[in-house]
Amino acid sequence: MAANKKAASVTGAETRSNIGGGGLNLSKPGENNPNPIQHGGMGQAERAFSAASTFLSGLLAISASQFIGAPLKLVDPKFYDGYMAWTKESFAVLMTTITQWWSPTVIRVGGDESMKGQLYVMDDGTLKCNFPHRLVLMANHQLYTDWMYLWWIAYTNKMHGRIYIILKESLKNLPIFGWGAQFYNFIFLSRKWETDRYRFKRALNYLKNPQDPMWLLIFPEGTNLSAVTREKSKAWSNKTGIQDMKHQLLPRTTGLQFCLQELKQTTNWLYDCTIAYEGVPKGMYGQDIFTLRSSFFEGRPPKSVNMYWRRFRISEIPVDNDQAFARWLNNRWREKDYILEYFYKYSHFPEMDPVTALAAAEGKKEPKHAKMITSEVRGGGWDEFLSIFGPITSAAGALGQVDLTDPVNFDKLMAKVAETQQLNLMNLGKAPIAATSQEAIRNALQAANAQKALPQSVIDALIKDPPTTQQGMQQALQKAGNPEFAKKAAQAPAAKASISTPTQQAAAKATSQIQQNTSTPRVPAKKAASVSTMPVGAEASNHRTEPKPSQSPLVNARKALPLANPEAMVTRPLTTMAMQTATSTARNALAQRTKERGTALPGQGTKVTKQESNGAPKTGTTPAKSANVGQKPATQNVPLTAANLNAAAKQQQRKTSGSKPLGTQKYVNGKKVG
């Protein structure tokens, strides 16, 4: 009986740790939090309401965007992947914005020699990481927010839409979040290798393409550090004979080893992040101090989130030998434990190797702190946040074109939403700039510098922020701080980074045609007796032309407006989207009216009546004169601008005998006078 009570007690403690613990209990304040409470009861209630409403509205918008884009998988799987990557970026933007507004956090980042040239601080104080576009990332699991800060690291590398996280299967069934994570192709494991192996392999096969950007995040410890998991790690240590860790849990090797075995042919690097939170008292756990309530409502987030980075070539890791890999991983985790020992003693990471760092923490060596980059979690502002709601506005516009008086065809409706969403993404150029381009430029710069060395200030400036255009290279050289190179760069020709005006006009014209084809059925051209009587924008034809079978709007879209980069995402404010839509709609309406009624303004133009039995159109004005022999026919390639339309209207007015503007003609007893 006592044993049963003890077992129930342990099970209950574990359940509370998994569900209400981990810092996720909203009603629990932080214990022994070193920061003072910044907001009282009313302030906390106000912050809780505003943060929760913002988070839920953004989360629902992202979830709706995922369901809106789901039909794209049937149309174009590659574009579907890019669209879901954009929704994944939206979630990263949402979490970054929530953290910046309600739990502002200082981030300190550093690393060993293997990370040289990959961590930078920009002029505005923001962090920029230059990690490769494919890597496996392992980290120790200290707190429930570890994944969020590591996702923000991907945000600083423009890879926040291509990160994949390995999670516990219990999270798969969470409302909204669990559903969204499945759209993101996150990997859920039940910790039963017999059932996980096949599922794991299928998920990793999806990530094997070397051309696809991919960050795979895994926590080898399996869960975050707490009193309950500490006891489990100790029990595992006694069972295996491996010495337990002091600041971490013992890592499990199976999952990480399987990942490296499957991806070693297409991925070169394994990145290791040692994460630590400042302000955790000795003998306590971060999840009990930095809870959701203390961090977001009371205004007491961690003093700083600290990351120490290392990287290892996968080809040099013994992934095919179980025992050798287990020793390798345990040694790396032991080194991380020594690094954490140094950190909790001095609140800094060490510059020396882990063994020397442990000696320094024990007072046997002089401490030497590593250089760190200090930044803060910061997003792109209101424009970036509002872009989360872009797909909903696109879907609303598509649904607004549906005639609800007719029976609703659900398949046609979803196809319309998918087409509108794809065209909207193509118009806005929503594709994240692939990290491979900057990585290739950086490698080329380093190779060129090895052949012929450049001044250090010049090569440092170029490697820090590699330019992707000639104009960007010219500007970077001018700002590199070397007068000689600045003078040469100013005299060198460089192509402008912006698109030329004719190209922009051609793209706008193609976009208008695409939107017109998808929204309004094309009106057949009217037959004209001669070129001179043909309205501007009409089609000259004295014989009937059989209409060509129409292609899919998506095919037309690809031909008229090819997608420059299906992986990049450049967000724009909703106001810009609205102005573009309004301008495009007005231009299409004007072109359609011109085709149907000619170029004259209302009340001035020719009024076409029904055709007589002989097929000749009957008009209400004097027929136009026949074209003289040898006279060039009037061209129809007239741009539909306001000036051209007004000029055509005046010309038509002069051809019409006795015609005056509406309201200036006088009639007496039904006869026109004056």
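Buried means under 20% relative accessible area, exposed over 50%, and partly exposed in between, with a 1.4 Å probe and protein chains only. Helices (H or I, at least four residues) and strands (E, at least two) are DSSP runs, numbered from the N terminus.

This is a predicted model, in which local features need pLDDT of at least 70 and side-chain atom pairs count only at pLDDT 80 or more, while totals for chains, interfaces and linings use all residues. Residues are numbered from 1 along each chain as its sequence is written, and side-chain values use heavy atoms, with hydrogens and water left out.

**The whole chain**

Begin with the complete chain, which has 24 helices and 12 strands. Of its 674 residues, 41% are buried. Contact here means heavy atoms within 4.5 Å. Among contacts between residues at least 6 apart in sequence, 75% join residues at least 24 apart.

**The eight-stranded sheet**

Next, select the open sheet of eight strands, whose order is 6-5-7-4-8-9-1-10 with mixed pairing. Strand 6 and strand 10 (373-376) stand at the edges with a single partner strand each, so one side of each has no neighbour in the sheet. On average, neighbouring strands of this sheet are turned by 25° against each other, direction ignored. Two strands pair if DSSP finds at least two bridges between them.

**Strand 4 and its partners**

Select residues 134-139, which form strand 4; six of its six residues are buried. Arg134, Val136 and Met138 point one way, Leu135, Leu137 and Ala139 point the other way, and all are buried. In a regular strand the side chains alternate between the two faces of the sheet.

Add strand 7 (residues 214-218), which runs parallel to strand 4 and is joined to it by five bridges. Then add strand 8 (residues 269-277), which pairs with strand 4 in the parallel sense over four bridges. Which residues are the bridge partners of Met138 in strand 7 and in strand 8? In strand 7 the partner is Ile218, and in strand 8 the partner is Asp272.

From strand 8, move to strand 9 (305-313). Strands 8 and 9 run antiparallel and are joined by nine bridges. Within this pair, Leu270 stands opposite Phe312 of strand 9.

**Helices lying across the strands**

Axes are lines fitted to C-alpha atoms, for helices over the stretch in contact, and angles run from 0 to 180 degrees between N-to-C directions. Select helix 7 (residues 193-206), which lies across strand 5 (163-168), strand 6 and strand 7 and runs at about 170° to strand 6. Then select helix 12, which lies across strand 1 (106-111), strand 4, strand 8 and strand 9, at about 30° to strand 8.

**Two helix pairs**

Keep helix 12 (residues 322-346) and add helix 9 (residues 254-263): their axes come within 11 Å and cross at roughly 115°. Angles under 35 degrees count as roughly parallel, over 145 as roughly antiparallel, 65 to 115 as roughly perpendicular and the rest as oblique. Helix 9 and helix 12 are therefore roughly perpendicular to each other. At this contact, Leu256, Gln257 and Leu260 of helix 9 meet Asp322, Phe325 and Leu329 of helix 12. These residues divide into four nonpolar, one polar and one charged. Ala, Val, Leu, Ile, Met, Phe, Trp, Tyr, Cys and Pro count as nonpolar, Asp, Glu, Lys and Arg as charged, and the others, Gly among them, as polar.

For the second pair, select helix 2 (residues 41-69) and helix 4 (residues 77-102), whose axes come within 10 Å and cross at roughly 175°. The two helices are therefore roughly antiparallel. Residues making the contact include Phe55, Leu59 and Ile62 of helix 2 and Trp86, Phe91 and Trp102 of helix 4. By class, the contact has 14 nonpolar, eight polar and one charged residues.

**Helix 13 and two loop residues**

Select helix 13 (residues 354-361), which is largely enclosed by the rest of the structure, because six of its eight residues are buried. The buried residues are Pro354, Ala357, Leu358, Ala359, Ala360 and Ala361. Their cover includes strand 9 and helix 12.

Finish in the loops. Most residues other than glycine have a negative phi. Ser347, in the loop between helix 12 and helix 13, has a positive phi of about 60° although it is not a glycine. Ser347 is partly exposed, with a relative accessible area of 29%. Asn185, in the loop between helix 6 (177-183) and strand 6 (187-189), also has a positive phi of about 60° without being a glycine. Asn185 is partly exposed, with a relative accessible area of 35%.
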